[in-house]
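Visitor: Please take a close look at the nonpolar packing inside this chain. I should like a connected account of what forms it and what surrounds it.

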Amino acid sequence: VNVLDGVWVVIGKIKTADTRRVVCACVRGAGQVALLPLSDTVSSLVWSTTAAEARRLVALPPDDFTNELNHVLNCPSSEFLAARDADIRDNPLALGVSQVLKRMRSTVDENFASDLPKPPMALSVRERSRASFPLALANADMYVRPRVALAGDAAHKVHPLAGQGLNLGLGDARELASTIAKSHELGLDVGDIHALMAYERTRQRAVLPVMAATDFFKRVFSTSDPIVVAARSLGCDK
């Protein structure tokens with residue numbers, strides 16, 4: 001198990017004023033914030049940050065936490081641009097990249113900004129729903145043993161970026177069900193290790209590239225390197 005460089009996540013259930021079921025995800029500094037709709041007015045919050053900041057967020061009074069979440073979700077792009085400019089002003093190469101991307105972003109904004117959904121407004125955080133824990137990147141060496149098969153978080157753990165952990169778990173369940181069904185149709189023991197190995201081979205080939213990709217994007221979004229920050233800003237300011 002590889003704990004992800006001291007990265008922690010704050011979770012909770014948020015009541016929102018927006019009745020649209022729109023997934024909202026944004027990058028703020030070294031962390032990411034995502035709201036995943038559970039119903040028309042309730043979303044699941046995933047907020048990755050440092051250990052100290054996670055403890056502070058969980059300890060905040062509910063109203064203060066809600067206000068801080070709204071600030072993060074709706075903070076004007078100009079504030080982040082100003083911070084980036086301060087970070088890169090002493091790096092000519094990064095400054096040049098940033099200026100080019102700003103012109104490109106301006107063109108994108110003129111054509112598409114009006115079509116982009118606005119972040120939902122958080123009204124409150126459900127009582128006793130907040131918690132925090134460290135993130136880890138892990139993959140079991142083997143998914144199967146005789147009459148045993150691992151799936152979902154029991155088999156692998158990834159950063160909660162774009163909901164890929166859930167997608168991988170659903171893929172595991174589908175492939176395991178298919179493997180068991182095939183064994184049953186052929187009159188084989190569904191718990192036989194040789195039959196289950198087909199499940200392991202298929203899912204390992206699917207899981208490992210996704211784990212590598214999510215870890216890569218997590219590192220890209222978390223870095224403070226001015227060149228990387230300038231390059232990613234084109235698609236992340238909105």
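Guide: What follows is an account of the nonpolar packing, then of its surroundings.

The model is predicted; local features are reported at a pLDDT of at least 70 and side-chain atom pairs at 80 or more, whereas totals for chains, interfaces and linings use all residues. Residues are numbered from 1 along each chain as its sequence is written, and side-chain values use heavy atoms, without hydrogens or water.

The largest nonpolar core contains 17 residues. Such a core is a set of buried Ala, Val, Leu, Ile, Met, Phe, Trp, Tyr and Cys residues joined through side-chain atoms within 4.5 Å; buried denotes under 20% relative accessible area, exposed over 50%, and partly exposed the range in between, with a 1.4 Å probe and protein chains only. The residues with the most contacts inside this core are Ile14, Val33, Leu45, Trp47, Phe65, Leu69 and Leu73. Two or more residues each are supplied by strands S1 (2–16), S2 (24–28), S3 (31–37), S4 (42–50) and S5 (122–125), and by helices H1 (51–59) and H2 (62–74). These elements are DSSP runs numbered from the N terminus: helices are H or I with at least four residues, strands E with at least two. H2 gives the largest share, four residues. A second, separate core has twelve residues, among them Ala155, Leu168, Tyr199 and Met211. In soluble globular proteins, nonpolar side chains tend to be buried together.

Val33 shows the packing at one position. Contact means heavy atoms within 4.5 Å. Leaving aside residues up to four places away in sequence, Val33 touches Cys24, Ala25, Cys26, Leu45, Val46, Trp47, Leu69, Val72 and Leu73.

In helix H2, Thr66 is also worth inspection. Thr66 has a relative accessible area of 6% and is therefore buried. With the same exclusion of residues up to four places away, Thr66 touches Ala122, Leu123, Ser124 and Val125.

The buried residues of H1 are Ala51, Ala54 and Leu57. They lie on the same side of H1, because they cover an arc of only 125° around the axis, the arc being that of the directions from the helix axis to the C-beta atoms. The face turned away from the buried side of H1 carries exposed Arg55 and Ala59.

Two loop residues have unusual backbone angles. Most residues other than glycine have a negative phi. Arg128, in the loop between S5 and strand S6 (131–139), has a positive phi near 60°; Arg128 is exposed, at 75% relative accessible area. Arg147, in the loop between strands S7 (144–145) and S8 (148–149), has a positive phi near 65° and is exposed at 58%.

Over the whole chain there are seven helices and nine strands, and 37% of the 238 residues are buried. Of the contacts between residues at least 6 apart in sequence, 69% join residues at least 24 apart.

Finally, confidence must be weighed. The pLDDT, the predictor's confidence in each residue from 0 to 100, averages 77 over the chain, and 66% of residues reach 70 or more. Among the elements, helix H3 (77–88) has the lowest mean, 39, and S8 the highest, 97. The pLDDT is below 50 over residues 77–89, a stretch with 18 contacts beyond near neighbours in sequence. Residues 91–98 are likewise below 50, with 13 such contacts. Where pLDDT is low, the predicted coordinates should not be read in detail.
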